[in-house]
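Subject: Structure handover

Hello,

Please find the structure below, followed by notes on what was found in it.

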Amino acid sequence: MKRRMLAALALSCACLPALAQTPPKTLKMVAHADLKILDPTFTTAYISRNFGHMVYEGLFAQDAGGKPQPQMVEKYAASEDGKLWRFTLRPGLKFSDGSAVTSADAIASLQRWAARDSMGRAMLASGAAWKASDARSFTLTLDEPFGLVLDALAKPSGFPPLILPERLARMPASAPLTEVLGSGPYVFKRDEWVPGNKVVFVRNPHYVPRSESPNGLAGGKRSPFERVEWLYLPDANSAIAALKRGEVDLIEQLPPDYIAALRSDKSVKIGSGGAYQGLLVFNHLHPPFNNPKVRQALLQAVSQERFTTAMGYPLDMRVTHCPSYFICGGSNETAAGAEPYRRADLARARQMLAASGYKGEKVALLVPSDITYLNAEALMAAQTMRSIGMNVDMQTMDWSSISARRTRRDAPEAGGWNVYATAACQLDIDSPITNLYLGAACGNTLPGWPCDKPLDELRSVWLKERAPAKRKELLDAFQRRAYETVPYVSTGQYSIAFAARTSLKGAEGIWAGIPMPWMFDK
């Protein structure tokens with residue numbers, strides 16, 4: 001009898017409708033590259049930087065106007081002479097495992113960051129020393145004032161100063177961290193990570209947002225999305241089709257060839273991801289680009305108009321020719337030193353290359369296969385180098401592989417490289433101190449390893465100068481020296497675009513190339 005009653009109860013339960021589970025609100029984005037390096041303090045690759053802003057936070061952050069705002073910091077103060085700074089963390093800050101964020105975590109993270117970053121090293125050169133006062137308070141002392149303390153601590157790109165647990169921050173920065181533990185708005189779902197396919201984030205249950213509304217990378221990052229998926233779709237046609245079918249909400253970087261066509265599609269909206277500069281980055285350790293005369297010859301051959309046209313950007317999204325190593329239209333725009341190179345001159349470039357002593361060495365050019373505009377930039381670089389008589393060896397691979405390959409100091413024939421094509425957003429190139437590619441301190445860790453003491457000294461003097469007129473003179477002197485030593489070649493300025501479903505709200509959801517889910521909704 002008891003058995004029959006239990007069986008009947010089981011049957012009645014089986015017939016009840018299952019309780020519907022509401023799927024988590026999800027933002028699906030086609031990322032511009034495959035994520036391979038999880039440590040934004042190890043690489044300048046933007047995919048790793050974007051990853052960092054999802055799972056970590058910094059003491060300060062830039063708002064949409066580019067101004068530093070307190071983020072993990074509750075309050076701060078500086079002495080009148082600028083040599084002593086006091087900081088107090090907001091109460092209740094936690095990492096995603098529930099452990100408290102402390103002064104020791106902040107100090108260790110900043111020390112690791114300063115060993116890699118140009119602004120961090122400049123602070124160290126000014127005698128920067130950090131010391132904990134208690135679990136939430138700490139100080140920064142300087143031997144001499146450093147006028148960009150808050151700008152450095154709010155640095156959003158290049159190597160952003162994000163806060164890690166002390167035990168991870170104590171690991172050497174010479175190798176990338178593989179463990180991820182942050183206090184940012186999202187948690188990395190390692191169990192759902194499929195390299196070459198998908199990266200998944202879910203809300204951090206221990207995230208403690210600020211009370212202010214989100215504003216760029218600053219404020220309370222309260223995202224309406226419980227889950228964010230980055231999809232890696234290197235085939236542009238597949239990505240566009242997925243966007244039109246509503247399978248994805250957003251394409252982070254729209255291939256330039258599709259901009260004009262999608263502008264007339266009512267289901268899609270196009271937004272600007274900010275100003276960028278194309279670059280040809282040289283390896284200064286090995287021939288032929290260890291010779292500045294060879295670098296000058298290639299600079300003479302580069303037509304920015306041909307490069308940006310080849311990359312596919314429409315006329316309204318590019319600058320015909322920008323003579324500045326910084327952003328044209330920005331506060332540091334200058335044409336100093338650019339006069340000999342305002343117009344590409346292949347005949348003169350061939351003469352310069354012949355006079356440089358170039359012996360026909362093979363040039364290993366790294367060509368990205370999965371980012372269309374960088375692929376076009378690299379192909380144009382190969383054509384340009386060959387047109388003046390260089391022996392080009394094109395080596396094609398995906399961008400993540402290039403990001404790893406460019407850190408190798410080996411000779412090109414031993415797995416190294418000579419030159420690669422890339423791009424940098426305005427955040428990373430718009431001043432002598434933020435432009436990593438002009439960082440010519442001998443012994444630096446930047447891929448390419450430029451070494452020019454006069455350029456590095458000019459940057460230090462510019463950094464310390466506060467008088468605007470003198471600062472402008474020093475900026476011009478810095479660029480004139482850059483045109484002499486040629487740490488890299490600019491291939492032109494343009495604006496990148498993102499594409500989103502019209503149902504996705506929040507036009508500010510990508511700022512300076514950084515996707516911010518807390519600014520979107522649907």
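**Cavities**

The second largest cavity has a volume of about 160 Å³. This is a predicted model, and the values in this message are computed from it. Of the 18 residues lining the second largest cavity, T44, Y46, W399, T422 and A423 are nearest its centre. Helix α12 and strand β15 (419–425) each give at least two residues to this lining, and β15 provides the largest share, three residues. By class, the lining of the second largest cavity has eleven nonpolar, five polar and two charged residues.

The largest cavity holds about 200 Å³ of space. It is lined by 18 residues, and those closest to its centre are H32, L233, Q253, P255 and D370. At least two lining residues come from each of α7 (236–244) and α12 (372–387). The largest share belongs to α7, with three residues. The lining of the largest cavity splits into 13 nonpolar, three polar and two charged residues. Helix α12 thus appears in the linings of the largest cavity and of the second largest cavity. The count of cavities of 30 Å³ or more comes to nine.

**Pockets**

The volume of the largest pocket is about 650 Å³. Its lining has 26 residues, of which D151, N332, D430, S431 and T434 are the closest to the centre. The elements that contribute two or more residues to this lining are α14 (426–429) and α16. Sorted by class, the lining of the largest pocket consists of eleven nonpolar, nine polar and six charged residues.

For the second largest pocket, the volume is about 220 Å³. Its lining is made up of S118, R121, A122, A125, S126, I433, A441, D456, R459, S460, L463 and K464. Two elements, α4 (118–125) and α15 (453–464), give two or more residues each. Helix α15 supplies the largest share, five residues. The lining of the second largest pocket comprises five nonpolar, three polar and four charged residues.

**Helices α9 and α16**

Helix α16 (residues 468–485), which also contributes to the lining of the largest pocket, packs against another helix. Its axis and that of helix α9 (residues 292–301) come within 7 Å and cross at roughly 100 degrees. Angles of 65 to 115 degrees count as roughly perpendicular, so α9 and α16 are roughly perpendicular to each other. On the α9 side the contact is made by P292, R295, Q296 and L299, and on the α16 side by Y483, E484 and T485. These contact residues divide into three nonpolar, two polar and two charged.

**Residue I327**

I327 sits in the loop between α10 (304–311) and α11 (346–356). Its relative accessible area is 3%. The cut-off for buried is under 20%, so I327 is buried. Apart from neighbours within four places in sequence, I327 contacts A275, E333, Q426, I429, D430 and Q493. One of these partners, Q426, is 99 residues away from I327 in sequence, yet the two are 6.5 Å apart in space, C-alpha to C-alpha. Another partner, D430, is among the residues closest to the centre of the largest pocket.

Regards

Conventions:
Residues numbered from 1 in each chain as written. Predicted model: local features only at pLDDT ≥ 70, side-chain atom pairs only at ≥ 80, totals over all residues. Heavy atoms only, no water. Helix = DSSP H or I, 4+ residues; strand = E, 2+ residues; numbered from the N terminus. Buried < 20%, exposed > 50% of the residue type's maximum accessible area, 1.4 Å probe, protein only. Contact = heavy atoms within 4.5 Å. Axes fitted to C-alpha atoms, helices over the stretch in contact; angles between N-to-C directions. Parallel < 35°, antiparallel > 145°, perpendicular 65-115°, else oblique. Nonpolar A, V, L, I, M, F, W, Y, C, P; charged D, E, K, R; others polar. 1 Å grid on protein atoms, 1.4 Å probe; cavity = no way out; pocket = protein on both sides within 12 Å on 5 of 7 lines; lining within 4 Å. Points joined across faces, edges and corners; volume = space filled by probe spheres on them.
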